[in-house]
Amino acid sequence: QVQLVESGGGLVQPGGSLRLSCAASASISRINAMGWYRQAPGKKRELVAVVTRGGGTNYAESVKGRFTISRDDAKNTVYLQMNSLKPEDTAVYYCNADGYCSGIGCYGDYWGQGTQVTVSS
């Protein structure tokens, strides 16, 4: 079982920045991929950014060049640096851990409780 706790959300003006953090209860070096997703009111949850155990990253087209995902394995924490925020970035942001790997294989899909990001003047 992997528990995830997000923090760093809040209210920010358009053009501003926020950094989200996701603290994991297990070693993220054993997790296949760590990602950030978001869900706006009335919309489906969508992938924002993901970082693999090997360090590869992938981003939604809408956030490329503005958001950066990173990981600190020593702290078992993943970050999402969000710059040049727009009102359309307003959503609940969720941290995801896909596949915790042990000696018997990789398993599980874990989610945090989410943190609200509101971009408004």
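User: Does Ala-74 count as buried or exposed in this model, whose relative accessibility is computed?
Analyst: The model is a predicted one. Ala-74 has a relative accessibility of 76%, and the class in question begins over 50%. Ala-74 therefore counts as exposed.

User: Where along the chain does Ala-74 lie, and what distance separates its C-alpha atom from that of Ser-27?
Analyst: The place of Ala-74 is in the loop between strand 7 and strand 8. Ala-74 and Ser-27 are 47 residues apart along the chain. The separation of their C-alpha atoms comes to 8.4 Å.

User: Which residue in the loop between strand 7 (67-72) and strand 8 (77-82) has a positive phi although it is not a glycine?
Analyst: The residue sits in the loop joining strand 7 (67-72) to strand 8 (77-82). Its phi is positive, at about 50°, and the residue is not a glycine. The residue asked for is Asn-76.

User: Near what value is the phi of Ser-84, and where is this residue placed?
Analyst: Ser-84 belongs to the loop between strand 8 and strand 9 (91-102). With a relative accessibility of 40%, Ser-84 counts as partly exposed. Although the residue is other than glycine, phi of Ser-84 is positive, near 50°.

User: What distance separates the C-alpha atoms of Thr-90 and Leu-18?
Analyst: Thr-90 is found in the loop between strand 8 and strand 9. Thr-90 counts as partly exposed, at 21% relative accessibility. Along the chain, Thr-90 and Leu-18 are 72 residues apart, and the separation of their C-alpha atoms is 12 Å.

User: How many aromatic pairs are counted?
Analyst: A pair of aromatic rings is described by the distance of the centres and the angle of the planes. Rings pair if their centres lie within 6.5 Å. By this rule, the number of aromatic pairs is two.

User: What is the geometry of the pair formed by Tyr-37 and Trp-111?
Analyst: The ring centres of Tyr-37 and Trp-111 are 5.0 Å apart. Their planes stand at 65°, and the relevant class requires an angle over 60 degrees. The pair is therefore edge-to-face.

User: How many residues apart are Tyr-37 and Trp-111?
Analyst: Tyr-37 belongs to strand 4 (residues 31-39) and Trp-111 to strand 10 (residues 105-111), so the pair links distant parts of the chain. Tyr-37 is partly exposed at 23% relative accessibility, and Trp-111 is partly exposed at 32%. Along the chain, the two are apart by 74 residues.

User: What angle lies between the planes of Tyr-100 and Tyr-107?
Analyst: Tyr-100 is buried, with a relative accessible area of 18%, whereas Tyr-107 is partly exposed at 37%. Their rings form an edge-to-face aromatic pair, 6.2 Å centre to centre. The angle between the planes is 75°.

User: Which residue lies over the face of Tyr-94 and also places its charged end over the ring of Trp-111?
Analyst: Over Tyr-94, the distance to the ring centre is 3.8 Å. Over the ring of Trp-111, the charged end sits 4.6 Å from the centre. In both cases the residue is Arg-45.

User: How do the residues lining the largest pocket divide, and how many of them are charged?
Analyst: The largest pocket holds about 160 Å³ of space. Its lining consists of 13 residues, of which Arg-38, Lys-43, Glu-46, Glu-88 and Asp-89 lie nearest the centre of the pocket. The lining divides into two nonpolar residues and three polar ones, while the number of charged residues is eight.

User: Which residue supplies the backbone nitrogen reached by the side chain of Thr-115?
Analyst: Thr-115 lies in strand 11 (residues 115-119) and is buried at 11% relative accessibility. Its side chain comes to 3.3 Å from the backbone nitrogen concerned, and the cut-off for a polar contact is 3.5 Å. The nitrogen belongs to Gly-9.

User: What is the C-alpha separation of Gly-9 and Tyr-93?
Analyst: Gly-9 is placed in the loop between strand 1 (4-7) and strand 2 (10-12). Gly-9 counts as partly exposed, at 33% relative accessibility. Gly-9 and Tyr-93 are 84 residues apart along the chain, with C-alpha atoms separated by 8.1 Å.

User: What distance separates the C-alpha atoms of Ala-33 and Val-50?
Analyst: Ala-33 is part of strand 4. Its relative accessible area is 13%, so Ala-33 is buried. Ala-33 and Val-50 are 17 residues apart along the chain, and their C-alpha atoms are separated by 6.7 Å.

Conventions. Residues numbered from 1 in each chain as written. Predicted model: local features only at pLDDT ≥ 70, side-chain atom pairs only at ≥ 80, totals over all residues. Heavy atoms only, no water. Phe/Tyr/Trp six-rings, centres within 6.5 Å; stacked < 30°, edge-to-face > 60°. Helix = DSSP H or I, 4+ residues; strand = E, 2+ residues; numbered from the N terminus. Buried < 20%, exposed > 50% of the residue type's maximum accessible area, 1.4 Å probe, protein only. Lys NZ or Arg CZ within 6 Å of the ring centre and 35° of its normal. 1 Å grid on protein atoms, 1.4 Å probe; cavity = no way out; pocket = protein on both sides within 12 Å on 5 of 7 lines; lining within 4 Å. Points joined across faces, edges and corners; volume = space filled by probe spheres on them. Nonpolar A, V, L, I, M, F, W, Y, C, P; charged D, E, K, R; others polar. Polar contact = N/O pair within 3.5 Å; in protein donor to acceptor, adjacent residues only side chain to side chain.
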